[in-house]
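Q: I'm new to this structure and would love a close look at one part of it. Could you walk me through the sheet and what lies around it?

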Amino acid sequence: MASRMDSGLCLLLLLVVLCKCVEATEHLKYKNPSQPITARVEDLLRRMTLEEKIGQMAQIERTLATPDVMKNYYIGSVLSGGGSVPEPKASPATWMNMVNEIQKGAMSTRLQIPMIYGIDAVHGHNNVYGATIFPHNVGLGATRDPDLARRIGAATALEVRATGIPYTFAPCVAVCRDPRWGRCYESYSEDPQIVKAMTEIIVGLQGQPPANSIKGMPFLAGQSNVAACAKHFVGDGGTTNGIDENNTVSSFKRLVNTHMTPYFDAIEKGVSTIMISYSSWNGVKMHTNRFLISHVLKKQLGFKGFVISDWEAIDRITSPPDANYSLSILESVGAGIDMVMLPYNFTYFMGNLTSQVKGGFISMNRINDAVRRILRVKFTMGLFEQPLADPSLANQLGSKEHRELAREVVRKSLVLLKNGKSMNNPLLPLDKSDSKILVVGTHAHNLGYQCGGWTIEWQGLSGNSTIGTTILEAIKLAVSSSTKVVYKKNPDADYVKGKGFSYAIVVVGEAPYAEYYGDNLNLTIPLGGGDTIKNVCGSLKCLVILISGRPLVIKTYLPLVDAFVAAWLPGTEGQGVTDVIFGDYGFQGKLPRTWFKSVDQLPMNVGDKHYDPLFPLGFGLTTL
């Protein structure tokens, strides 16, 4: 009898051990990198509670992301808003330590699901002190060089990884149809085909997908790349009068042909995420547009990454914001938003969404679709295998190689609009060996103005806000050692007379701005720039360099000047400007936008019946 009991007990113990082994094997399935991503996603998804799933759908600001918050709320993603940094002038090590501590909080949860950290690296790693700041997208559009965009993407990815961050909210593939819009500099061009070509930056950021990859499937080549985000879907660049976050009025056909075109290529290139626009289409907020998000983007276009909201965008579904937050959650999540950039009110969002699911207002199928997409991106990124930052990449931030690339981009982005008061008497290239030259203007020695918005702070800054070379500094480096360079920020007309200047370089333009702060109905040269042109160019041969995110009103000034260059927002590498104006390289940039005569003509884009520009799309003089 005892023998039988012993045998039975042994058998029972054996069964328990076998069950535990099977359970352990199953438990490890989603952690096993040899398993297909689909199998890993489904294995993890079936283990998750509703609360864990909703946690994955929340993206919060880094200032709230304590280890306890990450653990107790199962937070899926964290971001730095514009200007949100661990400390002023933070080093790569400081950034990495912060991101790693947040990640450790996420990994302390029951299922150890890593969070994904995102940041707006929209013209280089622009939030970070000492990073290489490339020209804004409008300048890249002037280069007409998709391969250059790819190289910029690859360099940006390395610098973002240098701070331990694996995800950027870039590129912006808006097609800006009205320069009065405050985000027009984030657009490569008014021409959707140019914007479409420049989506090659996604390949630089993420890597080149293999030829046999499934269309619409997110892709990341490795740990030197970052997940990208095409934004803002869709029609953000077509709002009435260029008013930010406003209404785009158009037929579906025009919406597709003008504003949706770049997304076709972005999806083909395996873009990991797509951000929805604050704007409306024919009166319907994009964040509630189930037809465009779920039917067109996800089903028709086959996008399989995740869809993310913009900053507090679901709050702005109602007017005033937050008037009915429960309805905003219902409509946005129901429309197909997968991850919500909250970024602060996360407890109310999660509690309310949980109640709506339990109450049957939002289906579990919709929640599962959202979380499935988020997990798919995380597995594709290799976050489960390598959740923490790689310190060996820290030296990539602001590297010499990347700064040389940015300098090349500046050279290729400059557009020469005028060269000489007659064709037979060009001013450019300037003579480096002239004895005495005058440099004037608000933008000649102001790195913050040179970089524009989305640099260190959301709205940008004035002054030496980061590491780089101003145009004045670049001029002093370029000219002969015997040449005297005199700088006067805002000279009056008398100052320039009788002082023996060979010529003047006038550098004026816009102060930095971002988003709706940049909406502008008059588009005149601000900060006294017009007066500076008149004061200087009335007495001296002069070159005017305009630093701006868009065309401005310049028609009245052109007869006064000898040469005029549109330099856009060139970033930290001012020597790219002097490389060209002094003739080491020729001008080759072409206008990415129509240059209007008067704001009364706006909106005016190539192909319009009333097209009567000062300079047409594609214009640009060349020099040898």
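A: Happy to. A good place to start is isoleucine 60, whose bridge partner in strand 2 is valine 78. Strand 1 (residues 58-61) and strand 2 (residues 77-80) pair in the parallel sense over 3 bridges; two strands count as paired if DSSP finds at least two bridges between them. Strands here are DSSP runs of E, at least two residues long, and helices are runs of H or I, at least four residues long, numbered from the N terminus.

Before going on, please note that this is a predicted model: local features need pLDDT of at least 70, side-chain atom pairs count only at pLDDT 80 or more, and totals for chains, interfaces and linings use all residues. Residues are numbered from 1 along each chain as its sequence is written, and side-chain values use heavy atoms, with hydrogens and water left out.

Now step back to the whole sheet. It is open and has 5 strands, in the order 4-3-2-1-11, with parallel pairing. Strand 4 (167-168) and strand 11 (340-341) stand at the edges with a single partner strand each, so one side of each is left without a neighbour in the sheet.

Helix 5 (residues 92-107) lies across strand 2 and strand 3 (116-119), where contact means heavy atoms within 4.5 Å. Helix 5 runs at about 140° to strand 3; axes are lines fitted to C-alpha atoms, for helices over the stretch in contact, and angles run from 0 to 180 degrees between N-to-C directions.
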